[in-house]
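I opened my notebook to look up a few spots in this model. Here is what I had on screen.

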Amino acid sequence: MTAIITSEKTSMPPDRRAGAYRPRRAVVLNLIAVALGLALWTLLSSIGVQGLPGPLAVAAKGGELIADGTLLLDAAASLRRVLLGFVLGTLLAVPVGFLMGWYATARGLLEPYVQFFRTIPPLAIIPLAIVLLGIGEVPKVFVIFLASFLSSVVATFQGVVDVDKTLINAARVLGASDRTIFLKVVVPASTPFILVGMRVGLGSAWGTLVAAELIAAQEGLGFRMQQAQLYYDLSTIFVGLIAIGVLGLLMDRLLLLADRRLTDWQERR
């Protein structure tokens, strides 16, 4: 009897499990959440909470900024900085994380520096970066690079050290070389950790970028929000916040799609 029950549970389709991921249901819930958020926003603006602009006013301001090209230019500038710093940080973080996790010597040499700089917020580096690198694009990209690198390198390192030792030992028993074990066992097992680190690093990159643009920039979403603050233009500030959120969400969804494609061997909820 137990065997029959176990067999039925095992053969149950993945989308029928309790809590299983269902794309259509997730989309519906997302739309409901957005509708509820807009309704709450409208309610708060209608009762006059600190002059909060309503969704219609923000949408109208967004239309104006799109029509004159301001929003598109600012979004392109911010997106360019984020992509450059994020890609460079991730490309360096992955091999460094693998070195730290696979070789004890590399771990001993690099881990103190990684942990030291990880405790320093990237925002605290901005004044130093501006003094040393100027007020051009280089300091902005550098602080984004640093934020992305530190998030991804720790995740990659943790992914390597958390690889199931049984898998490694089984591969050695079957005669696999260290190179084969690394490529066929360690890298696939670490991929979910790497992608999680990339998603965390992406959020840090956007947060760091906005702070950098608030200090020294001539274009960008953070710069536009700072200018709007001087004139108490809350609608423009909201447009900038929404633009950052939408761009960050789209980039995160792309990473999530890559995660599902590269780690489809994992059981998901």
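My entries below go through a pocket, a helix and two residues.

Ground rules: the model is predicted, so I take local features only at pLDDT of at least 70 and side-chain atom pairs at pLDDT 80 or more, while totals for chains, interfaces and linings use all residues. Numbering runs from 1 along each chain as its sequence is written, and side-chain values use heavy atoms, without hydrogens and water.

Entry 1, the pocket. I looked up the second largest pocket and got a volume of about 240 Å³. Which elements give two or more residues to its lining? I found α2 (23-46), α3 (55-67) and α11. The biggest giver is α2, with four residues. Among the lining residues I noted Trp 41, Pro 55 and Ile 242. By class, I got eight nonpolar, one polar and no charged residues in this lining.

Entry 2, helix α7. This helix covers residues 137-161, 25 residues in total, and spans 36 Å from first C-alpha to last, close to the 36 Å expected at 1.5 Å a residue. Is α7 mostly enclosed or open? I noted that 18 of its 25 residues are buried (under 20% relative accessible area, 1.4 Å probe, protein chains only), so α7 is largely enclosed by the rest of the structure.

Entry 3, Tyr 232. I found Tyr 232 in the loop between α10 (221-230) and α11 (234-262). Its phi is positive, about 55 degrees, although Tyr 232 is not a glycine. Tyr 232 counts as exposed (over 50%) because its relative accessibility is 58%.

Entry 4, Thr 70. I placed Thr 70 in helix α4 (residues 70-102).

Terms used
Expected span 1.5 Å × (residues − 1). 1 Å grid on protein atoms, 1.4 Å probe; cavity = no way out; pocket = protein on both sides within 12 Å on 5 of 7 lines; lining within 4 Å. Points joined across faces, edges and corners; volume = space filled by probe spheres on them. Nonpolar A, V, L, I, M, F, W, Y, C, P; charged D, E, K, R; others polar.
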